[in-house]
Each structure stands twice: as C-alpha cells, then as structure tokens.
Amino acid sequence: MTSDELHPETRAIRAGRADNDTALAPILWATTTFVTPTVEEGRRMATGVGAARFYSRYGNPTVNGFEDAIAQLEGAETARAFASGMGAISAVVLGLCSKGDHIVAQRQLYAGTQLLLQTVCPRFGIDVTFVDATEPGAFAAAVIPGRTTLVFAETPANPRLDLVDLAELGAIAGPMTVVDSTFATPLVQRPLDYGVDLVIHSATKAIAGHNDATLGVVAGSAELVNWLYSFAVLQGANASPFDAMNGTRGLRTLGVRLERQSANAGELANFLEGNAVIEEVRWPGLESHPQYELAQRQMALPGGLLTFDLSGGLEAGRVFVESLQIAQLATSLGGPETLVTHPASTTHVNLTAEELEANGIRPGTVRVSVGLEHAGDLVADFQQALAAVTSLR
Ligand SMILES: *Cc1c(COP(=O)(O)O)cnc(C)c1O
C-alpha cells in the first residue's frame, strides 16, 4: 500500500520517520551544525534549498522529519517548519509580499495575524483590505487584478468558528491563496485539495497537542515553499529540533485526540444550547451553526473548539471563567486540558467596541478548547459555573 492509499490517521502514525534509522520515536538532533565532507558539498548546501545537514537555521533532520510528516498529511509537495505559528505567518506575509502589493484578508482572524496585517504591513507599504469571509464571493470581489498578491483566510476562524468555503477560495485565480488551518488540523480538512496554494498551522496547538511545544508550519508546492525558504533562513524563525520532535510525537495521537475532543465538545455544546443565560452557542457540529452545511461538506470532524455568549456581559464572562474548577483559564488550544478564554478581557482587550463587534466578540463571549477529560466531569463543571452566573442576577 502506498501512503496515499492509507487513511489519514494511519499516515499520521507512520509519517516523518525517514531519518530515524531503526528508532521508532523521532530522534532529537540537538546540534547547530554538521561536519561538511567537502568544500563542494558545503557550497551546495549553503546555496541550495532545504539542506538538512549544514547548519540548523537552514535545516535539521528532526525538523525535516516533522516537515515531511505535515507535507504528507496535507497532500503537499513540501513543508517548512517555523519557531511558532506567527513565525510561519509572518514569513508567508513578509516573504511573499513587497512594497506596493495588496492583500485581501478576512476580518475574523487570530489576533496576532490581524495585528501583523494592520500594523506591520502598512509600514512596509503593503495595503490590506479586510472582508467578511462568511459572505459568499467576498474575497474574490476585493481582489485587485495585477496588485493583489495574497488572499489570507482562516477556517474555522477565531473566535466564533466562522468558516470559509475552501472550494470558493481555491477557485480564486491570480493571487496566492493561504489558509490558516490551525483550528482544523490536517486530519479535519486539506485546503490544498481545493486548489488553495499554502496551508499554515500553529502546531503549538492540536498538532503538538500537549502544550509543550511552540511550533509553526507552512505546506504547499515546492515552488512556493522553496521561495519562502530563502526568506525564512534570513528571518531566522526556524523551528527548534526539540519542538519539532514534540510535533511529530503529537501527530501520532492526533486522530484519537480529535475524536475525543469533538465528542466532548458535542456534549458541552448540546448542554449549553438552550440554557437561559446563554445567548448563542457556536460549534461547527451544531445544526444551528449558520454554516452547518458547509461544515458537513468540508470538515471530517467538527473539532474541539466551541464558543458561546453569556448574557450579562463582561461580569458574567468573568464570573463564569473564574468559577470553573476543571476547565482552566489559559490562552491556547488543542491540548489535553480543557481551556477557556474570555476574549473581551484578554486576547482582544485592545480592540474598540466597534472592532470587537466586527470580530464577532461580545462582552460575554467565552471560547472553549475542549480537552480529553471525561465529558460528564466537564458538563458538571460548566453547570456549576453557570449556576454562579445565574446567582449574579
Ligand atoms: C495560536 C494561533 C496562531 C499563532 O501561533 P503561535 O504558535 O502562537 O505563534 C495563529 N493562528 C491561529 C488560528 C492560532 O490559533
């Protein structure tokens, strides 16, 4: 059986082992440099692309193993790992765009990406137009032929789990199309299959999956990723071999973790929906999600992220997240522990009321990264925290 004939969960268990010799687990190549056999070989590695045994900012066998695994899972020709998701995103934006270029990006984005596009791009003469990505045709309508170099999407998007139609995005001709697929992982959707040019992950999240690695990755055609490589070597946001090792380790269990997290999120979403102090619950697996049909079409699983709005505003949000006893207040996602964030008071605290509204964040919005605990314990925990909110009235 070739790798392509295997199910993705099986591939995730086998991929990224090329440099392992007979070791089953990834080997940690904790070296910054490699002995070069000849001058000619040294020149080839210094000037070529993807040298794995020259100098670790250029490449490293542990990191290459992780990159190969992601490329295989995304159906990409190649991949490049970075020191973080933002390392990957800034390399794509600043490595592929130049002064005078134009980017179309969706308004509902991870806060770091949004800040990069809003504050760094203008300093380099790169214009950005933000669109509501849930509106059909919004990306294509904002493209300026001959000037737009990049269309940047995130799906599911932080924090309301809005979706972008991957087929529609992949059909845009002209600019390069990019998807931040962090919330989905390669086992839930494969944007490149729809004609999207590059897929990005913050592997810090579900891919590494244990809150112990800060890691990013970009996958796509060899032509594009190799073009990025020369920028990445100078940018210096290369992945640490230790984090890449944990990335490959995390991939081995990604399939089962996603199933459990999706199932747990479903239990919580059903429990929360219809509760008197909750205005809306967003989870791609709920029929009430405005893009439920699209989720069914392009996502293999709804995933472990869910977002809901408490009536009662900021104070209700604060009391809820501080009353939880099993779920913990921390900003990350995709790990074993259930984590909650209250965007209005934390990640998005710098936004004006209008910007918050445009980003789909209400004062009582709570985002949950559902973990691997027993669903019954999570439901009980949320129940007692909701009781604390109700007693505010
Ligand atoms: C966390 C995250 C990022 C940034 O990744 P880091 O590894 O923290 O730099 C980018 N996009 C999304 C959707 C994320 O969740």
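**Helices, a mixed sheet and some unusual backbone spots**

Trainee: Let's start with helix 4 and helix 5: at what angle do they pack?

Mentor: Happy to, and bear in mind that this is a predicted model. Helix 4 covers residues 85-96 and helix 5 covers residues 111-123, with their axes 11 Å apart. Helix 4 passes helix 5 in a right-handed crossing. The packing angle is about 35°.

Trainee: By class, how many nonpolar, polar and charged residues does that contact have?

Mentor: Helix 4 brings Met 86, Ile 89, Ser 90, Val 93 and Leu 94 to the contact. From helix 5 come Gly 112, Thr 113, Leu 116, Leu 117, Val 120 and Cys 121. Sorted by class, the contact has 8 nonpolar, 3 polar and no charged residues.

Trainee: Now the sheet, please. Which are its edge strands?

Mentor: The open sheet has 7 strands in mixed pairing, and their order is 1-7-6-5-4-2-3. From one strand to the next, the twist averages 20°. An edge strand here pairs on one side only, and that description fits strand 1 (78-82) and strand 3 (127-131).

Trainee: Which residue stands opposite Ile 103 in strand 3?

Mentor: Strands of a sheet pair through backbone hydrogen bonds, either parallel or antiparallel. Strand 2, residues 102-106, pairs with strand 3 in the parallel sense, over 5 bridges. Opposite Ile 103 in strand 3 you will find Val 128.

Trainee: Helix 8 packs on the sheet; which strands does it touch?

Mentor: It helps to begin with helix 3 (residues 61-74), which packs on the sheet and touches strand 1, strand 6 (198-202) and strand 7 (216-220). The direction of helix 3 makes about 130° with that of strand 1. For helix 8 (residues 222-235), the angle with the direction of strand 1 is about 20°. The strands touched by helix 8 are strand 1, strand 5 (176-180), strand 6 and strand 7.

Trainee: Where is Pro 156 found, and where is the place of Pro 159?

Mentor: Each of these prolines follows a cis peptide bond. Thr 155 is joined to Pro 156 with omega about -10°, and the bond from Asn 158 to Pro 159 has omega near -5°. Pro 156 is found in the loop between strand 4 (148-154) and helix 7 (166-170). The place of Pro 159 is likewise the loop between strand 4 and helix 7.

Trainee: Is Thr 185 buried or exposed?

Mentor: Thr 185 lies in the loop between strand 5 and strand 6. Its phi is near 70°, a positive value in a residue other than glycine. The relative accessible area of Thr 185 is 1%, and the cut-off for buried is under 20%. Therefore Thr 185 is buried.

Trainee: And how does Asn 211 count at 37% relative accessibility?

Mentor: Asn 211 is another residue that is not a glycine, yet its phi is positive, about 55°. You will find Asn 211 in the loop between strand 6 and strand 7. The partly exposed class runs between the 20% and 50% cut-offs, so at 37% Asn 211 counts as partly exposed.

Trainee: One last residue: which residues does Gly 360 touch, not counting those up to four places away in sequence?

Mentor: Gly 360 sits in the loop between helix 12 (353-358) and strand 12 (365-369). At 16% relative accessibility, Gly 360 counts as buried. Leaving out residues up to four places away in sequence, Gly 360 touches Arg 160 and Thr 365.

Methods: Residues are numbered from 1 along each chain as its sequence is written. This is a predicted model: local features need pLDDT of at least 70, side-chain atom pairs count only at pLDDT 80 or more; totals for chains, interfaces and linings use all residues. Side-chain values use heavy atoms; hydrogens and water are left out. Axes are lines fitted to C-alpha atoms, for helices over the stretch in contact, and angles run from 0 to 180 degrees between N-to-C directions. Helices (H or I, at least four residues) and strands (E, at least two) are DSSP runs, numbered from the N terminus. A crossing is left-handed if the near helix is turned anticlockwise from the far one by less than a right angle, and right-handed if clockwise. Contact means heavy atoms within 4.5 Å. Ala, Val, Leu, Ile, Met, Phe, Trp, Tyr, Cys and Pro count as nonpolar, Asp, Glu, Lys and Arg as charged, and the others, Gly among them, as polar. Two strands pair if DSSP finds at least two bridges between them. Buried means under 20% relative accessible area, exposed over 50%, partly exposed in between (1.4 Å probe, protein chains only).
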